[in-house]
Amino acid sequence: MKKIVTAALAATMLTSIAQAAEVKIGFVTTLTTGGAVIGNDQKKAVDLAIKQMGGKMGDLDVNLIYGDDGFKPETGKQATDKLLKQDNVDFVAGYIWSNVLLASRKSVLDAGKFLISANAGPGPVAGKLCNENFFSTSWQNDQTPQAMGEVLNQKGVKSIYIIAPNYAAGKGMVAGVKSTFKGEVLGTDMTKWPTQLDFSAELAKAKASGAEGLFIFYPGKAGGAFMKQYQQAGLKDSLPLYTVFSVDALSLPKFQAAGFTDVLGSQFTQFWDPTLDNPQNNKFVADFRAAYGSYPSFYAAQAYDSMFLIKSAVEAVNGDLTDMDGMRAAMKSASFPSVRGEFTYGNNNMPIQNFYLREVVADADGNWTTKIVQTVFEAHQDSYAKDCPLK
Amino acid sequence: MDYTLLFLQVLNGVQLGLLLFLVASGLTLVFGILDFVNLAHGSLYMIGAFVCASLTFLFGNFLLAVLVALPITGVVGFVIERVVARNLYDKDHLDHVLATFGLILVIDTLTQIIWGVEGIAVPLPAWLDGQVQLFEGAVIPSFRLLIIGSGLSVAAGLFWLVNYTRLGMLIRAGASNRTMVSALGIDIQTLFALVFALGAMLAGLAGMLISPITEASIGMGNQIIITTFVVIIVGGIGSMKGAFIAAIIIGLIDTLGRSFLADIFGLVMSADAASTAAPAVSGMMIFILMAVVLALKPQGLFPPKVR
């Protein structure tokens with residue numbers, strides 16, 4: 001009996017040595033609750049990326065482990081701790097929600113691992129709390145609404161009303177649009193997040209304010225709910241809507257199925273669009289559509305990028321995952337093929353990149369998607385970079 | 001003070017209150033009469049929304065879908081009563097809570113398997129998708145008026161049912177002394193199953209009415225059920241009248257708090273602090289109300305006479 005136990009132990013140890021030739025990546029996203037729509041899209045993109053890599057980064061096998069944040073900061077932190085302590089991952093990527101990222105970042109960075117945000121970009125992480133081991137494949141929260149503020153100026157909008165959810169990202173979005181919009185902000189409503197989905201009171205206030213435009217930020221299903229109530233309230237002509245992160249490739253097929261034609265022609269700003277013409281993006285969009293039959297969302301695009309960023313790091317050090325400096329330098333160079341085209345990293349490891357104005361249109365086959373109307377910012381850096389002590 | 005805006009916000013509050021009443025009436029019936037704590041009541045709200053959403057696409061007509069989805073939700077409630085609830089009536093409340101919490105997880109997962117995680121946006125017919133002008137400056141989406149109208153008629157129907165019909169009499173008698181009622185030859189089991197199914201239909205109707213505004217989505221029931229418990233606690237458990245009045249009060253507090261609290265706070269603090277504090281405080285207000293009611297009248301505002 002003792003011999004068998006010893007043999008079994010030895011075998012286990014041998015397996016774990018054999019398994020050392022792999023890179024372990026944890027990916028924390030939302031896989032349950034209504035937020036799972038976004039998480040599933042990210043998961044599709046990550047799975048696609050790994051498949052395209054043939055399951056390997058350099059000579060190492062990729063061992064991808066998903067963590068579910070359940071749409072809650074505390075659950076997200078637990079999932080992160082489990083990835084670090086139990087699975088002992090080399091990279092932790094993902095994070096849709098700013099509050100989840102803020103709750104989880106310390107665990108990852110204290111463990112001396114790389115943290116890669118594939119969506120959330122709250123101000124502190126780009127500024128005072130910046131860290132050499134944190135990288136973003138998305139954007140800083142304020143940038144996209146800053147671009148929208150600039151668009152509003154160009155359109156000659158004199159006054160706006162703002163409705164956004166009361167959490168880290170919502171506040172960033174409001175701060176962003178206020179920082180570039182030159183007109184008057186007639187009112188700001190911060191709603192309970194994520195439970196409030198009925199915006200009748202806020203819409204009535206916005207209308208009564210007499211503003212020339214309405215700016216909102218409602219990611220995920222709240223965006224769909226808002227768009228519908230906006231249409232039902234009949235405000236399209238009197239109070240034009242300007243959005244960030246509220247209309248995406250996840251909600252458009254639903255809107256199309258339900259016939260919400262008011263969405264066609266609506267415009268919003270973003271760092272990426274499926275029509276951006278570069279080899280990596282063309283391949284990503286074509287393969288994603290072939291595999292899953294729908295357009296990828298920007299969430300998917302960022303998740304896809306995060307895998308190629310990690311791959312560039314692993315390959316630069318020839319699979320020596322103890323060489324943190326080598327991997328960091330490789331990621332900092334932003335030399336991986338990105339779906340957004342070429343970009344650079346700022347001192348705070350946030351991308352310095354272009355922002356575009358996108359418009360909802362029907363494609364050649366009649367599917368609702370988006371196209372680029374104009375470039376709003378070129379090589380735009382977030383405003384928190386100056387607070388970051390990193391060079 | 002902008003009275004038009006105030007009027008609109010009161011209407012919005014009443015509409016929210018009526019939706020809450022639809023869910024709360026079923027919960028208070030089941031809790032008060034069957035003495036059964038049903039945390040999964042919100043799941044019936046969700047099932048109503050999803051069934052109605054699917055049928056809307058099948059029939060191409062929202063109202064027809066509601067009419068067909070109502071009995072389906074009732075049947076689901078009937079089955080849940082038979083399979084789950086009936087075995088738990090003589091257990092204590094903690095067992096009810098545990099079992100029905102498990103039921104929430106089961107139903108949420110089943111919904112995810114059947115309908116996916118995406119949720120369904122529900123289209124409305126054109127005549128419901130527009131707006132109605134009540135008077136100068138007061139424009140309200142027509143569908144919200146429909147919610148108010150149907151909520152009020154269901155409330156009226158329920159009062160009639162419980163107070164003036166034979167079924168209502170049996171329900172009240174069953175709540176008062178179930179052994180006596182069954183000794184008089186009434187099939188109390190079937191009666192309770194009917195009450196449960198009725199509660200399911202009411203919750204389902206609320207889900208159907210909200211789905212064109214938000215959408216049918218997983219977990220939607222878990223968000224409303226907490227507020228609903230506040231409603232029945234404030235109103236008095238088992239009291240239909242209490243549920244109605246408490247639902248309207250809570251709908252108004254929530255809506256008016258969201259609309260005007262930031263302005264009121266703005267008088268005494270900076271605009272930034274006010275816009276951050278107001279949503280937090282307005283979210284708390286209904287719980288503060290519940291705490292006050294519990295302190296002053298632990299049985300709720302309108303405790304039922306027969307308990």
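This report describes a predicted model of a complex, covering chain A, its contact with chain B and a few single residues.

Residues are numbered from 1 along each chain as its sequence is written, and chains are lettered from A and ligands numbered from 1 in the order in which they are written. Because the model is predicted, local features need pLDDT of at least 70 and side-chain atom pairs count only at pLDDT 80 or more, while totals for chains, interfaces and linings use all residues.

**Confidence and overall form**

The predictor assigns the complex an ipTM of 0.87 and a pTM of 0.86. Chain B has a mean pLDDT (the predictor's confidence in each residue, from 0 to 100) of 91, and 99% of its residues reach 70 or more.

Chain A holds 13 helices and 14 strands; these are DSSP runs numbered from the N terminus, helices being H or I of at least four residues and strands E of at least two. The C-alpha trace of chain A spans about 80 × 45 × 40 Å along its principal axes. Its radius of gyration is 22 Å, which agrees with the value near 21 Å for a compact globule of 391 residues. That radius is taken over C-alpha atoms, and the globule rule is 2.2 Å times the number of residues to the power 0.38.

Of the 391 residues in chain A, 56% are buried. A residue is buried if 20 or more other C-beta atoms lie within 10 Å of its own, exposed if 12 or fewer, and partly exposed in between, with C-beta atoms placed from the backbone. Among contacts in chain A with a separation of 6 or more, 73% join residues 24 or more positions apart; two residues are in contact if their C-beta atoms, placed from the backbone, lie within 7 Å.

**A six-stranded sheet**

Chain A contains an open sheet of six strands with mixed pairing, in the order β2-β3-β1-β4-β5-β6. Its edge strands, β2 (56–57) and β6 (134–136) of chain A, each pair on one side only. Two strands pair if DSSP finds at least two bridges between them. Strand β5 (residues 114–117) of chain A is parallel to β6(A), over three bridges, and Ile116(A) has Phe135(A) in β6(A) as its bridge partner. Helix α4 (residues 98–110) of chain A lies across β1, β4, β5 and β6 of chain A, at about 155° to β5(A). Axes are lines fitted to C-alpha atoms, for helices over the stretch in contact, and angles run from 0 to 180 degrees between N-to-C directions.

**The contact between the chains**

The contact takes 32 residues from chain A and 33 residues from chain B. Elements of chain A that each supply at least two residues to its side include α2 (36–52), β8 (184–191) and α8 (200–208). That side of chain A has twelve nonpolar, 13 polar and seven charged residues. Ala, Val, Leu, Ile, Met, Phe, Trp, Tyr, Cys and Pro count as nonpolar, Asp, Glu, Lys and Arg as charged, and the others, Gly among them, as polar.

**Single residues**

Most residues other than glycine have a negative phi, and most peptide bonds are trans. The peptide bond from Trp193(A) to Pro194(A) is cis, with omega near 0°, and Pro194(A) sits in the loop between β8 and α8 of chain A. Two non-glycine residues with positive phi are tabulated below.

| Residue | Phi | Place in chain A | C-beta neighbours inside 10 Å |
|---|---|---|---|
| Phe245(A) | about 55° | loop between β10 and α10 | 22, buried |
| Ala379(A) | near 40° | strand β14 (residues 368–380) | 12, exposed |

Leu235(A) lies in the loop between α9 and β10 (241–244) of chain A. Leu235(A) is partly exposed, because 19 other C-beta atoms are within 10 Å. Leaving aside neighbours within four places in sequence, Leu235(A) is in contact with Leu203(A), Lys207(A) and Tyr230(A). Lys207(A) is 28 residues from Leu235(A) in sequence and 7.9 Å away in space, C-alpha to C-alpha.
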